[in-house]
Amino acid sequence: MEKKIVEQKEALETLIEFNDRLVKNMNIIIKELSGARMDDTDAFLKGIIDAMNWEIAVMNGTFSLLNDGEERVHKEEFNEKIIAFGKAIESKDDSKMADAIKQLIPEFENLGEVARLVTRK
């Protein structure tokens, strides 16, 4: 069991390294999707989606550690916002995607904070 916790902490340490940059890029893409679209906005958005998917995979694999003793990451709320983002992507509506990303930013910020908290134990 101890080996699993060590592996989970290592995964979360890697997530911490990327999380701040992901949140920063999420804020940038909101501006681009809100009318300041650039030539590379679609590619930038794909990179952000890939990073979000990676962090979600890490979250799912470390959930027992993230929420050990108390619920720190609210999986149902997170999932609802991810589903809404998926629907916004399907709609190909920049405004809807920007709004969905705005709703997700606090979830990813919290994920980073909780990862920092549990890796310090």
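In this predicted model, Met26 is in contact with Ile48, Met52, Ile101, Leu104, Ile105 and Phe108, leaving aside its neighbours within four places in sequence. Met26 also belongs to the largest nonpolar core, a set of 34 residues in which Met26, Ile101 and Phe108 have the most contacts. Helices α1 (2-33), α2, α3 (63-66), α4 and α5 each supply at least two residues of this core. The largest share comes from α5, with eleven residues.

Helix α2 is a good place to continue. Its 21 residues should span 30 Å at 1.5 Å a residue, and this agrees with the end C-alpha atoms, which are 30 Å apart. The buried residues of α2 are Thr41, Leu45, Ile48, Ile49, Met52, Glu55, Ile56, Val58 and Met59. Two of the residues touched by Met26, Ile48 and Met52, are thus found again here. The cover over the buried residues of α2 includes α1, α3, α4 and α5.

Thr41 deserves a look of its own. This residue lies in helix α2, which covers residues 41-61. Thr41 counts as buried because its relative accessibility is 0%. A polar atom of the Thr41 side chain lies 2.7 Å from the backbone nitrogen of Met38. Apart from residues up to four places away in sequence, Thr41 touches Ile29, Glu32 and Leu33.

Helix α4 can be read in a similar way. Its 17 residues should span 24 Å at 1.5 Å a residue, in agreement with end C-alpha atoms that are 24 Å apart. Within α4, Phe78, Phe85 and Ala88 are buried. These residues lie on the same side of α4, because they cover an arc of only 85° around the axis. Glu76, Glu80, Ile83, Lys87 and Glu90, on the other side of α4, are exposed. Among the elements covering the buried residues of α4 are α2 and α5. After α4 comes Lys92, with a positive phi near 60°.

Charged pairs add another layer to the picture. Side chains of opposite charge can pair when their charged atoms come close. The model holds seven salt bridges. One of them joins Lys81 to Glu107, with a distance of 2.8 Å from N to O. This pair links distant parts of the chain, since Lys81 is in helix α4 (residues 75-91) and Glu107 is in helix α5 (residues 94-119), 26 residues apart. With a relative accessibility of 22%, Lys81 counts as partly exposed, whereas Glu107 counts as buried at 8%. Salt bridges that share partners also join Arg37, Asp42 and Asp94 into one network.

Within that network, Asp42 forms a salt bridge with Arg37, and their closest N and O atoms are 3.0 Å apart. Asp42 counts as exposed because its relative accessibility is 52%, while Arg37 is partly exposed, with a relative accessible area of 36%. Another salt bridge connects Asp50 with Lys46, whose closest N and O atoms are 2.9 Å apart. Asp50 and Lys46 are four residues apart in helix α2, so about one helical turn separates them. An α-helix has 3.6 residues a turn, so residues three or four places apart point the same way. Asp50 counts as partly exposed at 40% relative accessibility, and Lys46 is exposed, with a relative accessible area of 51%.

The last residue to visit is Lys96, which is found in helix α5. Lys96 counts as partly exposed, with a relative accessibility of 48%. Its C-alpha atom is 8.8 Å in space from that of Leu33, although Lys96 and Leu33 are 63 residues apart in sequence. Leaving out residues up to four places away in sequence, Lys96 touches Ala88 and Ser91. Ala88 is one of the buried residues of α4, and Leu33 is one of the residues touched by Thr41.

Notes
Residues numbered from 1 in each chain as written. Predicted model: local features only at pLDDT ≥ 70, side-chain atom pairs only at ≥ 80, totals over all residues. Heavy atoms only, no water. Buried < 20%, exposed > 50% of the residue type's maximum accessible area, 1.4 Å probe, protein only. Polar contact = N/O pair within 3.5 Å; in protein donor to acceptor, adjacent residues only side chain to side chain. Contact = heavy atoms within 4.5 Å. Salt bridge = Lys/Arg side-chain N within 4 Å of Asp/Glu carboxyl O. Expected span 1.5 Å × (residues − 1). Arc of directions from axis to C-beta. Core = buried A, V, L, I, M, F, W, Y, C linked by side-chain atoms within 4.5 Å.
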